[in-house]
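I opened this entry to keep track of what I looked up, one topic at a time.

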Amino acid sequence: MASIARTSLHQVSKRLYPAGFASLSFLNSLPKHKNNFLRTPLPRLARPAISSNREYSHSHSHSHSYTTSTPSRMANLTASTFLEYVKNRRTYYPLSKDISLSADQVDDIVKVAMQHVPSSYNSQSNRVVVLQGAHHEKLWDMISEVLRAVVPEEQWKSTAERMAWFKGAAGTILFFIDQDVVRGMQDRFPLYAEGFPGWAGQSAGMLQFALWTALEAEGLGANLQHYNPLADENIAAEWNVPRTWQLNAQLVFGGRTGETYPKESKPAEETVKSFRD
Ligand SMILES: Cc1cc2nc3c(=O)[nH]c(=O)nc-3n(C[C@H](O)[C@H](O)[C@H](O)COP(=O)(O)O)c2cc1C
């Protein structure tokens with residue numbers, strides 16, 4: 001998606017916002033744990049809900065098999081609670097450096113999501129680099145510099161404004177797909193070779209969604225950017241990223257500086273078909 005050409009969401013939000021935007025009010029009704037690093041503790045983070053160690057083997061028609069354990073039903077975590085988090089996730093910018101989580105807490109959230117987000121055949125092709133503080137600022141200086149050389153003069157003002165927004169945030173999570181893993185899966189399962197790049201992208205999207213939602217559940221704001229592949233080489237050199245990791249997206253996070261705009265959603269009648277006996 002061409003981020004460069006995007007209309008300013010901030011301007012849109014200033015124009016449209018907000019009659020009756022329901023954001024975080026539901027969080028106040030959730031129980032708070034004094035000593036938990038999360039503002040709104042999720043039972044699985046605080047206490048893993050895996051009560052059964054029953055291992056099972058799941059065989060696919062292509063005779064690949066793997067084992068995993070079955071989580072029990074999770075106390076306190078219902079679909080409606082989860083869907084409140086889903087509804088609460090929005091695009092926010094500009095963002096500030098003022099956040100309620102420490103750098104370690106952000107890393108912990110990333111690590112938990114990384115281990116539990118699904119991937120095709122459990123191939124685990126996702127890779128992440130978390131940049132906070134001066135590293136985050138360096139990233140956006142780097143991307144600005146690359147853009148300065150390619151963005152037409154008349155568009156530079158709005159691009160520079162966006163760059164300032166991103167740099168002004170607290171951190172950026174860089175999402176990569178390890179192409180070594182994708183190629184390995186293609187070699188192992190030639191019949192499905194064409195599917196693996198797309199499935200790796202889907203798994204990356206699931207990880208992005210999980211982290212976007214988790215950070216916003218903590219009261220932060222975030223937005224998803226795609227300035228790859230413009231600065232890929234500079235990023236790889238600066239943060240020692242293996243050559244096989246291909247940059248897929250950037251999730252910028254920070255403190256919210258305002259509300260987002262009300263979003264229009266297509267009616268479900270247009271987008272969902274449902275059949276039952
Ligand atoms: C796959 C994907 C790519 C996106 N790319 C960008 C992007 O490059 N720049 C940006 O500012 N927002 C990007 N967005 C954010 C969308 O514009 C935004 O999610 C959408 O307008 C709905 O708004 P919401 O996030 O507030 O629900 C992207 C979102 C998705 C899911």
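Before listing anything, I fixed one term: I call a residue buried if 20 or more other C-beta atoms lie within 10 Å of its own, with the C-beta atoms placed from the backbone. With that in hand I went to helix α8 and found these residues buried: Phe 196, Ala 200, Ser 203, Ala 204, Leu 207, Gln 208, Leu 211, Trp 212, Ala 214, Leu 215, Glu 216 and Ala 217.

**Entry: the model as a whole**

I am working from a predicted model. I noted ten helices and seven strands in the protein chain. The chain has 277 residues, and 25% of them count as buried. I also looked up the contacts with a separation of 6 or more, and 79% of them are between residues 24 or more positions apart.

I then checked confidence. The mean pLDDT of the chain is 81, and 73% of the residues reach 70 or more. Residues 1-36 have a pLDDT below 50, and this stretch has 39 contacts in the model beyond near neighbours in sequence. For residues 40-68 the pLDDT also stays under 50, and there I noted 44 contacts beyond four places in sequence.

**Entry: helix α8**

I returned to α8 to check its length. At 1.5 Å a residue, its 23 residues should span 33 Å, and because the end C-alpha atoms are 33 Å apart, the model agrees with the expected span. Just after α8, I found Gly 219 with a positive phi of about 90°.

Is Pro 197 buried, partly exposed or exposed? I placed Pro 197 in helix α8. I counted 17 other C-beta atoms within 10 Å of Pro 197, so it is partly exposed. Its C-alpha atom is 9.6 Å from that of Met 185, a residue twelve places away along the chain.

**Entry: the nonpolar core**

Which residues touch the most other members of the largest nonpolar core? The core has 46 residues, and the answer is Leu 211, Leu 251 and Phe 253. Among the elements that give two or more residues to this core are α4 (103-116), α5 (134-148), α6 (153-167) and α7 (179-188), together with β4, β5 and β7 (245-256). The largest share, nine residues, comes from α8 (195-217).

I followed Leu 211 further. Leaving aside neighbours within four places in sequence, Leu 211 is in contact with Ile 109, Val 110, Ala 113, Ile 173 and Leu 251.

**Entry: the strands**

I started with strand β4 (residues 126-132). Five of its seven residues are buried, so β4 is largely enclosed by the rest of the structure. β4 runs antiparallel to strand β5 (residues 171-178), and seven bridges join the two. I noted one pair here: Arg 127 has Phe 176 in β5 as its bridge partner.

Next I took β7, which is mostly covered, with ten of its twelve residues buried. I looked up its pairings in turn:

- β5 and β7 run antiparallel and are joined by eight bridges; the partner of Ile 173 in β7 is Leu 251.
- Strand β6 (residues 221-225) is joined to β7 by five bridges, again antiparallel; Leu 224 stands opposite Leu 251.
- Strand β3 (residues 95-96) pairs with β7 over two bridges in the antiparallel sense; Ser 96 stands opposite Gly 255.

Leu 251 came up repeatedly in my notes: Leu 251 is a contact of Leu 211, the bridge partner of Ile 173 and the residue opposite Leu 224.

Terms used
Residues numbered from 1 in each chain as written. Predicted model: local features only at pLDDT ≥ 70, side-chain atom pairs only at ≥ 80, totals over all residues. Helix = DSSP H or I, 4+ residues; strand = E, 2+ residues; numbered from the N terminus. Pairing = 2+ DSSP bridges. Core = buried A, V, L, I, M, F, W, Y, C linked by C-beta atoms within 7 Å. Contact = placed C-beta atoms within 7 Å. pLDDT = per-residue confidence, 0-100. Expected span 1.5 Å × (residues − 1).
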